[in-house]
Amino acid sequence: MSLDCFFRPRAIAVIGASNDPLKLGYEVFKNLRKYRGGKVYPVNVKEEEVQGVRAYRNVKDIPDEVDLAIIVVPKNFVRGTVVDCGEKGVKGAVIITAGFGEVGEEGKKEERELVELAHKYGMRLIGPNCVGVMNTLNDMNATFIMDAKKGDIAFVSQSGALGAGIVYKTVKEGIGFSKFVSVGNMADLDFAELMEYLAETEEDKAIALYIEGIRDGRKFIEVAKRVTKKKPVIALKAGRSESGAKAASSHTGSLAGSWKIYEAAFKQSGVLIAETIDEMLSMARAFTQPLPRGRRVAIMTNAGGPGVLTADQIDRRGLRLAELEEKTIEELRSFLPPMAAVKNPVDMIASARGEDYYRTARALLLDKNVDMLISICVVPTFAGMTPTEHAEGVIRAVREVNNGKPVLGLFMAGYVSEKAKEILEAHQREGCL
């Protein structure tokens, strides 16, 4: 079955939609009113209108086919709501309500009953105990959190609160998601099925996963092997230590298991391992950019030290410094100061201005021995210089050469470089970097 019902539904019912700003059903319905892909119907047993829109007492009363239901009702009413959705012919339901598998064996039993009921009607479930789902492509925010920025990364999180926190973090930092899925307890749909779906979409260029535990490891590995041949999958695994594993088990009712087993499974299936949230996001973003055709890296910098440190990391990561063509070296000598180092790494020295960054970047990008470029800017020490002019110089070169070679910008200037980073972010989203 296609999972389009969760991301491209023609009609959505919010069951538990509310007029009370303190309730989750209020935020979910408010967010969904911006949805551009179809109609959104509020369901509330007591209200005739919700946020100025006619409400229905039961999902079965809606005079339209409903593809997706967002269930935000007290736990005691979830089972009956799932039955109503099934009888209505709803294809997919997101159960935001908590209090199931994460609270113990009785809750897990109730979860299994919900899945059995849903499958009886041919319906699939996300959750329970989750934040919801987003598809930024059509402005569908079926959650109670803020809109994510539009982007190319599909992010699937087992923790709703952490996932929400990462959405807020990425909005502040200008990082975009194509989709956000909070899977919660994964009573039905799991990482494997979502990965399989995301592997076939055009708008999702990379898949990032926050994982606490996986119930069917064999299934995950088999699917991941297929998916990673099409798109990069980056996993941040929590619960590596004994204490973390216990915390993960009590959080979503999942068994965290041995980290060594997970690590081996990830490597076997081609899943890339991130150590931190920032690393997961950086890795995912890197794969949404043009990929290098080879391993040869050119470094340009206005200070020697960072160039040496970067060269160390290049060797460590299995890359290598590019051997520049003689004509590239001669061109660099023609405009850089006599004391500049014109072999890779290219040290333009501290007096480098925006024009130097432009001409150096252009020369290196045109060199047939260079597969990718790293441009480093240490806080300028000469009066009147700013990281901004350095960023603009590199952007100008990338636009002119336009040969698809990836460029990594590195600023070592703290708050002084914030404006330059914003400029690079804006051009990166336009596909220039």
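**A walk through the fold, starting at helix α9**

Let's begin at helix α9, residues 259-269, where the buried residues are W259, Y262, E263, A265, F266 and S269. Looking down the axis of α9, you'll find these buried residues within an arc of 165°, so they line one face of the helix. Turn to the face pointing away from that buried side and you meet the exposed residues K260, I261 and K267. And what lies over the buried residues of α9? The cover includes strand β12, helix α7 (217-227), β13 (233-237) and β14 (272-274). Keep in mind throughout that this is a predicted model.

Now step back to the whole protein chain. It has 433 residues, and 55% of them count as buried. The secondary structure comes to 15 helices and 19 strands. If you take the contacts between residues at least 6 apart in sequence, 73% of them join residues at least 24 apart. As for the outside, the accessible surface of the protein chain is about 19,600 Å², and carbon and sulfur atoms account for 52% of that.

Strand β12, part of the cover over α9, is a handy way into the parallel pairing. This strand (residues 206-211) pairs with β10 in the parallel sense, over 5 bridges, and S157 stands opposite Y210 in β12. β10 (residues 150-157) also runs parallel to β11 (residues 177-182), with 6 bridges joining the two. V156, for instance, has V181 in β11 as its bridge partner. To get from β10 to β11 the chain goes through helix α5 (residues 160-173), and this β-α-β crossover is right-handed.

A little earlier in the sequence, the pairing is antiparallel: β8 (residues 132-135) and β9 are joined that way over 4 bridges. Here V133 has A142 in β9 as its bridge partner. The hairpin they make has 4 residues between the strands, and D139 takes a positive phi near 60°. Side chains in a regular strand alternate between the two faces of the sheet. You can follow the two directions along β9 (residues 140-143): M140 and A142 point one way, N141 and T143 the other, and all are buried.

A142 also leads into the interior, since I70 touches A142 along with I12, A13, V14, I15, V28, L32, V94 and I96, leaving aside residues up to four places away in sequence. I70 is, with L32 and F220, one of the residues with the most contacts inside the largest nonpolar core, a set of 52 residues. Which helix gives the most to this core? That's α6 (residues 191-198), with 6 residues. There is also a second, separate core of 30 residues, which includes L324, F335, V346 and A391.

Our last stop is A322, in the loop between β16 (320-321) and α12 (326-335). Is A322 buried or exposed? Its relative accessible area is 4%, and because buried means under 20%, A322 counts as buried. Its neighbors, not counting residues up to four places away in sequence, are R296, V297, A298, N344, N369 and V370. One more pair to look at here is A322 and K343: they are 21 residues apart along the chain, and their C-alpha atoms are separated by 9.4 Å.

Definitions and conventions
Residues numbered from 1 in each chain as written. Predicted model: local features only at pLDDT ≥ 70, side-chain atom pairs only at ≥ 80, totals over all residues. Heavy atoms only, no water. Buried < 20%, exposed > 50% of the residue type's maximum accessible area, 1.4 Å probe, protein only. Contact = heavy atoms within 4.5 Å. Areas by Shrake-Rupley, 256 points an atom, 1.4 Å probe, with all protein chains shown as cover. Pairing = 2+ DSSP bridges. Right-handed = clockwise from strand over helix to strand, strands pointing away. Core = buried A, V, L, I, M, F, W, Y, C linked by side-chain atoms within 4.5 Å. Arc of directions from axis to C-beta.
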